[in-house]
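Hi everyone, thanks for coming. I'll take you through one structure today, a bit at a time, so please have a look at it first.

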Amino acid sequence: MTEASPAKAYSLHLGVIALLFALSFVLPDYHHGLIARIMVLAVFAMGYNLLFGYVGLLSLGHAMFFAAGLYGAGLSVYHLGWSVPAAFLAGIACGALLALVIGVLALRTSGVAFMIVTMMFAQVFSLLMLYFAVWTGGDQGLVVQQAARVLTLGGTTLDLTNPTVRYMSALALFSIVLLATLAVVRSRYGRVLVAVRENEERTKMLGYDTFSNKLAAVVVSGTICAASGAAYALLFGYVGSSFASVQYSILPLLWVLLGGAATALGPLIGTLFMYYVTDITSGFTSAYLLIVGVALILLVLFFPKGIMGSIRQRWLGWLP
Amino acid sequence: MHFGPHLLLAALEGLVTSAVLALTALGLSLVFGVMRVVNVAHGEFFMLGAVLAWALSTAISGHPALGFVAALVIAPLIVGAVALVAERMVLRRLNYNPEATIVATIGMLYIIQQLALTFYGPEARPVEPPFSYRILLPWFGYSGYKLSVVAASALLLVATWLVLTRTKVGLLMRATQYDSETAQAFGIPVDRVYGGVFALGAMLAAIAAVLIVPISQAHYLMGQDPLLLSFIVVIIGGLGSLRGTLVAAVLIGLSDGIISMFFSPTLAKIIATLVVAMVLVFRPQGLFGTASR
Amino acid sequence: MMPLLTTRGLSRNFGGLRAVDNVDFALMPGEIRAVIGPNGAGKTTFVSLVSGRIPPSSGMIVFDGADITGLPAYRRVRLGVAYTFQITSVFANLSAYDNVALPVQRTLTDGRSKGAVKAGVMAALERTGLADRAHMPAGQLSYGHQRLLEVAMGLALKPRLLILDEPTQGLADSEIDNFIELVREIAKSATVLLIEHNMPVVMQLADRITVFNAGRILAEGTPEQVRENRQVQDAYLGAGHD
């Protein structure tokens, strides 16, 4: 947060992006696909982190923002035959609008009530997706046609179902969001967000309209999550109500807690770690939820700062 | 069937829901009221009660009533023990921090659910009711067992209320609820009260589940709806207010029974959840509660 | 000259208790005004009403000719009413620099330039003698330095009215002397409203003193007048106050 060492921070993050780029050429097929998926979901986690980590607002309903992007993009391709860029923007717009409405309502509460209210709004959203199964496909979901998932830019045609294109698109989104959130949290606005987390009353007495700042954070956070959802629908071609379920509100919390709240790289590390733990253990147990449950409890009990948070505390104080 | 009898049937079904819901929600409300902990795993304690009831009643041969009674006694005790262990090992170490305990109870939810799936399986299994007497009304017959559930639940609610208001244990709990630091200073073993309250809350959910399982079957995902409905009841009734909880349980149970008789259950759930979220946003002390301290 | 701050019939009830009772108060620009009174006299409640931290039960507050009774606290801060907390509430996990940067960046109108923020922050830190501790987390500063940081944050708001709530509480004598100098310095550019228990500090600093008792203004005047006032001696000085 201090003015020190911006160069160091940016080079570290550019280095991570370069590493992910290089991995594209060496990873075996299976891991190549997995990392692409992880990058998209890490964007979801980064959006969550902005609100939870920096502003200190613990939402239990972020699945609705992810799903708003997912359905917004997926359904406009599926039903309206929109092009990929239009659908992507539609998804983001849906998420931003939803976040604005939810923010105005939910921010009237705080603490535990905020957690419950966001959870309930997400529950309503998820039930609505089931209720309107005629359009959304309900819990079966919809598969977005392969032919529609083609991006035409000028003269070139990019087939989003092609693994390399998919990987690079995911990386592009991930990089933009990573650098953008890094810039936001290092900016003056980021300083205000942290101040709200640390002591909202004091921040007000410095002349800040904390409600508006929090609302802006909810909208930015929701929009990033929607971008992740929209990208998921377009890159992986599936839209379903499971993505709106409570579980998908809990997962970003888990990823961020694991990776380290209020760290720029924490969301990626957390998502990566959790995905691979699940992947490796799935060889000998199907008890996926058990791992999630145990991880949550162990994290809050013994490791509340997460991986990157602990590294920052012990070794690298400059880490953003 | 005409509209009147139809409505009566819906109301009876709603009353059964109310009875079970009141018990479950009372558990959630006690835990929140005394400990300020939002127990997201509450529905899983309910489910655990039902699954154990199935296990016990199948393990015990002979008349179905025998197995049922055994389940009614043993299942809540096991669930209470599980809750106590969870409270000692996790919640206490978190110092009952509201946000950390929510995350931790979400963890418990997943663990219990997964263990139930692994050891009990994905099937829904019935438990035979202890008796199958049908009460004949002029328009339709109605299950005597269902009415006995209402009676049993009412009895238990009265008993809990008496414990809370008339006994020393209840006094300790109320003192802790009112001001845990002062209570501690006056030598009340706040720590043990917390453990006991968390176990008691889980046991109430388990008893409710044992009562309902002959009607609705045991399933590893059956905890979700009671959790949601209990939240609704506790929020509408005012967080931590027992009287409000009871009134809200009857209100929600009846309207749930009646609404889902005439509308799609999904739509009913959507409306109910939305209404409750709005109550929490605009009237956080609940409809019946007074402003929180 | 028009008063900078006026309150008319200002009252605030907590349950049955009338913490501030029908207070008419006026403060002239450039003044250093001390508010004194026994514990529970309503001093802190009064300045909380002025700063907008709590809403009044009745009455009105006028700042620089405008009615600000209904304005939220943050809007009053923007008009120039700054409040420093009685209980130190700096952002413990942020550096001293960031603590001061928060008010500085808000008062800057030129927007983007990082240089301007830095210059403003360092100026405020230098005025309070904290410049060499800019990058320490505020929570690790000594108590006296945290009080000074609190003042630096208030200063950085470029206030027209600076409300200091018991600023010398817990400070060592040597620190208090520096503090008196600092307040005199501040008073050159801002009006100061000071709640203070330390009578020597009050007598040295204040142009005028307002004495509160049981939610009402008991007396008001120059330090000499207040010192001579019989009622004040009975209610306050004679009440065995430390």
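**Two helices side by side**

Okay, so in chain A, Arg166(A), Ser169(A), Ala170(A), Leu173(A) and Val177(A) of H7(A) meet Ile224(A), Ala227(A), Ala231(A) and Leu235(A) of H10(A). By "meet" I mean in contact: two residues whose C-beta atoms, placed from the backbone, lie within 7 Å. Helices here are DSSP runs of H or I with at least four residues, strands are runs of E with at least two, and the numbering starts at the N terminus.

Before I go on: this is a predicted model, where local features need pLDDT of at least 70 and side-chain atom pairs count only at pLDDT 80 or more, while totals for chains, interfaces and linings use all residues. Residues are numbered from 1 along each chain as its sequence is written, and chains are lettered from A and ligands numbered from 1 in the order in which they are written.

Back to our pair. That contact of H7(A) with H10(A) has seven nonpolar, one polar and one charged residues. For the classes, Ala, Val, Leu, Ile, Met, Phe, Trp, Tyr, Cys and Pro count as nonpolar, Asp, Glu, Lys and Arg as charged, and the others, Gly among them, as polar.

How do H7(A) and H10(A) pack? Their angle is about 175°, and their axes are 11 Å apart. Axes are lines fitted to C-alpha atoms, for helices over the stretch in contact, and angles run from 0 to 180 degrees between N-to-C directions. So H7(A) and H10(A) are roughly antiparallel, the word for angles over 145 degrees.

Now the neighbours. Chain B puts 33 residues into its contact with chain A, which gives 31. H4(B) supplies the largest share of chain B's side, 16 residues, and that side has 24 nonpolar, six polar and three charged residues.

With chain C, 22 residues touch 17 of chain A. Here H3(C) brings the largest share of chain C's side, seven residues, and the classes are 12 nonpolar, six polar and four charged.

One last stop, also in chain C: Glu150(C), which is found in helix H5 (residues 143–156). Is Glu150(C) buried or exposed? It's buried, because 24 other C-beta atoms lie within 10 Å; the cut-off is 20 or more, with 12 or fewer for exposed and partly exposed in between, using C-beta atoms placed from the backbone. From Glu150(C) to Gly59(C) is 91 residues in sequence and 30 Å in space, C-alpha to C-alpha.

Technical notes:
Angles under 35 degrees count as roughly parallel, over 145 as roughly antiparallel, 65 to 115 as roughly perpendicular and the rest as oblique.
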